[in-house]
Every structure is written in C-alpha cells, then in structure tokens.
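Welcome! Take a moment to look over the sequence and the model, and then let us walk through them together.

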Amino acid sequence: MSLLAANSPAERAEALILLTSRLTDLIEQETALFEARRPLETQSFQDEKSKLATIYRREIAAVKQEPDRLEGAPEAVKRQLKDVTTRFTTALEANGRAVDALRVLTEGIVRAVADEAARLKDQDAGYGPGYGRTSGSAPAIAVNQRA
C-alpha cells in the first residue's frame with residue numbers, strides 16, 4: 001500500500017478528502033452496529049476499513065514530513081479537507097466510546113459465566129456434612145491399581 005496517487009497538491013487534497021470521507025462512513029457504520037450490539041455484522045467491511053486506514057495513516061505522516069504536499073491547493077479544498085477531518089475525528093471518538101461499551105459488556109458477560117461456573121463447581125466440592133452432589137449429577141469415581 002502506498003501513498004495517494006496525485007499530480008498536484010490540489011489532486012492530493014481532493015483524493016485525501018475522498019479517502020477520509022469513505023473511511024469516516026465506514027467508522028460511523030461500524031459504530032452504529034456496535035451501539036446496536038451487532039458487532040459481527042462489521043466483518044463485511046473490515047478489510048476495506050483496514051486498507052483505507054493504512055493509506056490514511058501513511059498519507060498523513062507524509063504530509064507532516066512534507067507540508068508542501070498540500071501547499072498550493074485551493075482554499076475551498078483545504079477548508080473541505082479540514083471539515084472532513086473534523087468529522088473523521090468525531091467519528092473516531094464515538095467509535096472509541098462504542099468499543100469501550102462493548103468491551104465492558106463483554107467482560108461483564110465473561111465474568112458472570114466464570115462466576116456461575118465456579119459456583120456450580122463449588123457445589124460438588126468437599127466431603128462431609130453440607131457437601132454433596134446436587135440431584136442429577138454424576139458421582140466422582142476414583143480408580144487406582146486395585147480396582
């Protein structure tokens with residue numbers, strides 16, 4: 001994956017606008033699916049999002065190293081680039097919040113399942129009064145060389 005193909009700063013800025021807009025659309029779509037608790041539906045566009053994000057990251061790094069890559073682009077195009085970048089940043093922040101919410105939800109579910117498994121295991125543990133099998137559980141069997 002390389003940088004955007006452009007012959008002038010104006011073309012580069014316009015290509016970056018298109019790239020940023022498409023990447024923002026995908027991130028907003030992903031966020032909506034996360035918020036709807038349907039994260040598996042995001043798989044269909046993860047490859048595209050990943051490729052676009054890599055190109056975006058490389059292009060932004062190149063612009064930081066060589067600011068003249070966008071110098072000379074019309075002011076209207078620069079304004080539009082600034083606007084789509086603001087929208088992109090807002091979409092990333094919303095996506096981060098949705099990812100955190102899913103993480104907390106998932107961790108809570110995993111913790112609840114683990115706690116329940118531990119509780120059920122503890123019911124069968126031990127010997128003596130108060131310990132024993134719950135109805136329907138199989139007895140423990142120990143086998144040694146005498147058996």
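## The chain as a whole

A residue counts as buried when its relative accessible area is under 20%. By that cut-off, 28% of the 147 residues in the chain are buried. Please keep in mind that this is a predicted model.

The chain holds three helices and zero strands, so its pattern along the sequence reads α-α-α. About 10400 Å² of the chain is exposed, and carbon and sulfur atoms supply 55% of that area. Among contacts with a separation of 6 or more, 70% join residues that are 24 or more positions apart.

## Helix H1

Helix H1 covers residues 9-35, which makes 27 residues. What span should they have at 1.5 Å a residue? The expected value is 39 Å, because the expected span is 1.5 Å times one less than the number of residues. The end C-alpha atoms of H1 are 38 Å apart, which agrees.

After H1 comes Arg-37, and the phi of Arg-37 is positive, near 60 degrees.

## A look at Thr-31

Thr-31 is part of helix H1. Is Thr-31 buried or exposed? Its relative accessible area is 6%, so Thr-31 is buried.

Which residues does Thr-31 touch, leaving aside its neighbours within four places in sequence? Thr-31 is in contact with Ala-91, Ala-94, Asn-95 and Ala-98. Take Ala-91, one of these partners: Thr-31 and Ala-91 lie 60 residues apart in sequence, while their C-alpha atoms are 8.1 Å apart in space.

Notes
Residues numbered from 1 in each chain as written. Predicted model: local features only at pLDDT ≥ 70, side-chain atom pairs only at ≥ 80, totals over all residues. Heavy atoms only, no water. Helix = DSSP H or I, 4+ residues; strand = E, 2+ residues; numbered from the N terminus. Buried < 20%, exposed > 50% of the residue type's maximum accessible area, 1.4 Å probe, protein only. Contact = heavy atoms within 4.5 Å. Areas by Shrake-Rupley, 256 points an atom, 1.4 Å probe, with all protein chains shown as cover.
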